[in-house]
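Reader: I should like to be taken through this structure step by step. With which terms should one begin?

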Amino acid sequence: GSVVVVEIDGQAHPVRSHATTVGDVLRQAGIELYPEDILTPGLEAPIVAGQPIAIRRARPVALSADGETSQIRTHATTVGQLLSEAGIQIGSGDEIWFRMLADGADPACSFAPGSGQGCGRLVEAAAPLYAEPALQLETSDDDPPFITLRRATPITLSDHGVTTTLYTTAATVGQVLDGQGVTLFLADEVMPPLQARIVQGTAITVRRSVPVQIEADGRVIHT
């Protein structure tokens, strides 16, 4: 048989075969294709002397968004491209988390209060799916990158008589105020309370205490 070069993600693999079509060469060599892989030329194309068979592997990625978790194969190079490919739009305030289980991330991580621990790192849509091209060949189906999209919840915050609409992924009222840099004084009132869970439409109101000056027995007391 003749020698046919099969290039997989740029790496050459010489294959000796009597097959006359691309598909038969791959079958004889035990090279399996996923539907998302890009093959040039096609399976039914005849073997041409000196012409290599090129395969661009689609890489496995685990994606969790809108209550569904799935593993897909993609040619996307950035997190944003992956989400767009999956038909997922990123809304105002949404967060994208990236993790690799091989890096020690908790496979059952939770975004409960104190979120983020063991759930990877917060990234932008332009973040690469892989730190460097060489890693594309080392990632196995058992340890794909894991992308989690956290949807932001619309709420309102009223402070000093000004009401603002916010989009937040915070879990509690206290986390919202902390994230917004809101300073509270001892006598200030917050409704709902700081420990209350955030749900869609939560309306947070901060009622500021008023300083009072009291004069008694020649002394001035400020509260």
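Author: Contact means heavy atoms within 4.5 Å, while helices (H or I, at least four residues) and strands (E, at least two) are DSSP runs, numbered from the N terminus. This is a predicted model, in which local features need pLDDT of at least 70 and side-chain atom pairs count only at pLDDT 80 or more, whereas totals for chains, interfaces and linings use all residues. Residues are numbered from 1 along each chain as its sequence is written, and side-chain values use heavy atoms, with hydrogens and water left out.

Reader: How many helices and strands are there in the chain?

Author: The chain has 223 residues, of which 37% count as buried (buried means under 20% relative accessible area, exposed over 50%, partly exposed in between, with a 1.4 Å probe and protein chains only). Among contacts between residues at least 6 apart in sequence, 48% join residues at least 24 apart. The chain holds 4 helices and 15 strands.

Reader: Why do the buried residues of α1 line one face of the helix?

Author: Helix α1 spans residues 22–29, and V22, G23, V25 and L26 are buried in it. Seen down the helix axis, these buried residues line one face because they fall within a limited arc, taken from the directions from the helix axis to the C-beta atoms. On the other side of α1, R27 and Q28 are exposed. The arc of the buried residues is 160°.

Reader: What covers the buried residues of α1?

Author: After α1 comes G30, whose phi is positive, near 70°. The cover of the buried residues is made up in part of strands. It includes β1 (2–8), β2 (11–17), β3 (38–40) and β4 (53–56).

Reader: In what order do the strands of the open sheet with β1 and β2 stand?

Author: Two strands pair if DSSP finds at least two bridges between them. In this open sheet of 4 strands the pairing is mixed, and β2 and β3 are the edge strands, each pairing on one side only. Neighbouring strands are turned by 20° against each other on average, direction ignored (axes are lines fitted to C-alpha atoms, for helices over the stretch in contact, and angles run from 0 to 180 degrees between N-to-C directions). The order is β2-β1-β4-β3.

Reader: Which residue in β2 stands opposite V3?

Author: Strands of a sheet pair through backbone hydrogen bonds, either parallel or antiparallel. Here β1 and β2 pair in the antiparallel sense over 7 bridges. Opposite V3 in β2 stands R16.

Reader: Is D9 buried or partly exposed?

Author: D9 is found in the loop between β1 and β2. Although D9 is not a glycine, it has a positive phi of about 50°. With a relative accessible area of 30%, D9 is partly exposed.

Reader: Which residue takes a positive phi in the hairpin of β5 and β6?

Author: Strands β5 (residues 59–65) and β6 (residues 68–74) run antiparallel and are joined by 7 bridges, with S64 standing opposite T69 in β6. The hairpin has 2 residues between the strands. At 48% relative accessibility, the residue in question counts as partly exposed. With a positive phi near 55°, it is D66.

Reader: Which are the edge strands of the sheet that has the order β11-β10-β13-β12?

Author: This open sheet has 4 strands and mixed pairing. Within it, β10 (residues 153–159) and β11 pair in the antiparallel sense over 7 bridges, and the bridge partner of T156 in β11 is T165. The edge strands, each pairing on one side only, are β11 (162–168) and β12 (189–191).

Reader: Which residue does a cis peptide bond join to M191?

Author: One cis peptide bond joins T40 and P41, with omega about -10°, and P41 is found in the loop between β3 and β4. In the bond with M191, omega is about -5°. The partner has its place in the loop between β12 and β13 (203–207). The residue joined to M191 is P192.

Reader: How much space lies in the largest cavity?

Author: On a 1 Å grid over the protein atoms alone, a cavity is a set of points where a 1.4 Å probe fits but cannot get out, and lining residues have an atom within 4 Å of a point. Grid points are joined across faces, edges and corners, and a volume is the space filled by probe spheres set on the points. The count comes to 1 cavity of 30 Å³ or more, and the lining of the largest cavity includes V22, P41, P46 and I53. The space in the largest cavity is about 30 Å³.

How values were computed: On a 1 Å grid over the protein atoms alone, a cavity is a set of points where a 1.4 Å probe fits but cannot get out, and a pocket is an open set with protein on both sides within 12 Å along at least five of seven lines; lining residues have an atom within 4 Å of a point.
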